[in-house]
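Work through the exercises below with the sequence and coordinates open. Try each task before reading its solution.

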Amino acid sequence: MPKPRTPDGEKNLISKQLIELRKRQGYSQRDLAHQLQLKGYDIDKNVITRIETNQRYVTDMEIKAFSEVFSVSYDYLIDGDA
């Protein structure tokens with residue numbers, strides 16, 4: 001069974017919002033990984049790179065983690081809506 005993709009053929013919906021939020025906070029991918037680890041999430045820089053470049057699907061736990069670190073809603077991460 002084929003895996004779902006966005007209309008653009010991408011593997012996740014959050015890559016653009018993740019890049020925007022990370023840059024707005026002034027975080028490198030390594031900085032973001034560190035912030036996630038401080039909150040108890042084991043997400044390393046390589047995972048962030050693969051999500052941002054649409055090489056990887058995103059789990060629900062990762063969406064929750066990014067939402068907590070950036071203090072944004074799940075809707076914002078997925079749809080870009082505030």
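The exercises move from the overall fold to an aromatic pair and then to one residue in the final segment.

This is a predicted model, in which local features need pLDDT of at least 70, side-chain atom pairs count only at pLDDT 80 or more, and totals for chains, interfaces and linings use all residues. Residues are numbered from 1 along each chain as its sequence is written, and side-chain values use heavy atoms, leaving out hydrogens and water.

**Exercise 1. Describe the fold and its dimensions.**

Step 1. Assign the elements. The protein has 5 helices and 0 strands (DSSP runs numbered from the N terminus: helices are H or I with at least four residues, strands are E with at least two). In sequence order the pattern reads α-α-α-α-α.

Step 2. Test compactness. The radius of gyration is 12 Å, close to the 12 Å from the globule rule for 82 residues, so the protein is as compact as a globular protein of that length. The radius is taken over C-alpha atoms, and the rule is 2.2 Å times the number of residues to the power 0.38.

Step 3. Get the extents. The C-alpha trace spans about 35 × 25 × 20 Å along its principal axes.

Step 4. Check burial and contacts. Of the 82 residues, 39% count as buried (under 20% relative accessible area; exposed is over 50%, partly exposed in between; 1.4 Å probe, protein chains only). Among contacts (heavy atoms within 4.5 Å) with a separation of 6 or more, 54% join residues 24 or more positions apart.

**Exercise 2. Find and classify the aromatic pairs.**

Step 1. Search the whole structure. There is 1 aromatic pair. Rings of Phe, Tyr and Trp (its six-membered ring) pair if their centres lie within 6.5 Å; planes under 30 degrees apart are stacked, over 60 edge-to-face, the rest tilted.

Step 2. Apply the geometry. The ring centres of Tyr27 and Phe70 are 6.3 Å apart and the planes meet at 35°, so the pair is tilted.

Step 3. Place the partners. Tyr27 sits in the loop between helix H1 (15-24) and helix H2 (29-38), and Phe70 in helix H4 (residues 60-70), so the pair ties together parts 43 residues apart in sequence. Both Tyr27 and Phe70 are buried.

**Exercise 3. Characterise the surroundings of Asp81.**

Step 1. Locate Asp81. Asp81 lies in the segment after helix H5 (74-79).

Step 2. Classify exposure. Relative accessibility is 44%, so Asp81 counts as partly exposed.

Step 3. List contacts. Setting aside neighbours within four places in sequence, Asp81 touches Ser73, Asp75 and Tyr76.

Step 4. Compute one distance. The C-alpha atoms of Asp81 and Gln17 are 9.9 Å apart, with their positions 64 residues apart along the chain.
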